[in-house]
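Here are a few short exercises on rings, charges and one helix, each with a worked solution. Have your viewer ready and try each task before reading on.

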Amino acid sequence: MIGGKWKILILWYVSFYKVQRFGELMRRLDGITQSTLTKQLRELESDGFLHREIYREIPPKVEYSLTEFGESFIPVLQTMMAWSEAYLCPDWQNPYEK
């Protein structure tokens, strides 16, 4: 459900910023293609992690947020971040802790 290069990062950004639009995720995920992001978002929505809200306006607006199931995954994300800071990048400064 969360395998692959991008899903953990997508969940991390949506959990941190609470609501993300497609374009915001494209900017944050350096190197991801539009088709890959679309596929990953659809899979995360299908698996129950994300809620997709479509606003009927011009231009169309779509926002992604965590579902209750997705929210339950936040402690796992935080533990993974703490582990990576301790063992993979001990000198790295987390910009979100400032």
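**Exercise 1. Is Tyr 87 buried or exposed, and why?**

Solution. Start with the classes: buried means under 20% relative accessible area, exposed over 50%, and partly exposed in between, with a 1.4 Å probe and protein chains only. Tyr 87 has 60% relative accessibility, so Tyr 87 counts as exposed. Now try Trp 83: its value is 47%, and therefore Trp 83 is partly exposed.

A word on the model: it is predicted, so local features need pLDDT of at least 70 and side-chain atom pairs count only at pLDDT 80 or more, while totals for chains, interfaces and linings use all residues. Residues are numbered from 1 along each chain as its sequence is written, and side-chain values use heavy atoms, leaving out hydrogens and water.

**Exercise 2. Classify the ring pair of Phe 16 and Tyr 17, then that of Trp 83 and Tyr 87.**

Solution. First, the rule: rings of Phe, Tyr and Trp (its six-membered ring) pair if their centres lie within 6.5 Å; planes under 30 degrees apart are stacked, over 60 edge-to-face, and the rest tilted. This rule yields five aromatic pairs. For Phe 16 and Tyr 17, the centres are 4.8 Å apart and the planes make 85°, an edge-to-face pair. For Trp 83 and Tyr 87, the centres lie 5.8 Å apart with the planes at 35°, so this pair is tilted. Finally, Tyr 13 joins Phe 16 and Tyr 17 in one aromatic cluster.

**Exercise 3. Which charged end sits over the ring of Tyr 17?**

Solution. The test asks for NZ of Lys or CZ of Arg within 6 Å of the ring centre and within 35 degrees of the ring normal. Arg 28 has its charged end over the ring of Tyr 17, 3.8 Å from the centre. Likewise, the charged end of Lys 61 sits over Tyr 55, 4.6 Å from the ring centre.

**Exercise 4. Which residues of H5 are buried, and what covers them?**

Solution. Helices (H or I, at least four residues) and strands (E, at least two) are DSSP runs, numbered from the N terminus. Helix H5 spans residues 74–87. Its buried residues are Ile 74, Leu 77, Met 81, Ser 84 and Glu 85. They cover an arc of only 100° around the axis (taken from the directions from the helix axis to the C-beta atoms), which puts them on the same side of H5. Thr 79 and Tyr 87 are exposed on the other side. The cover, counting contact as heavy atoms within 4.5 Å, includes helix H1 (7–17), strand S3 (61–66) and helix H4 (68–71).
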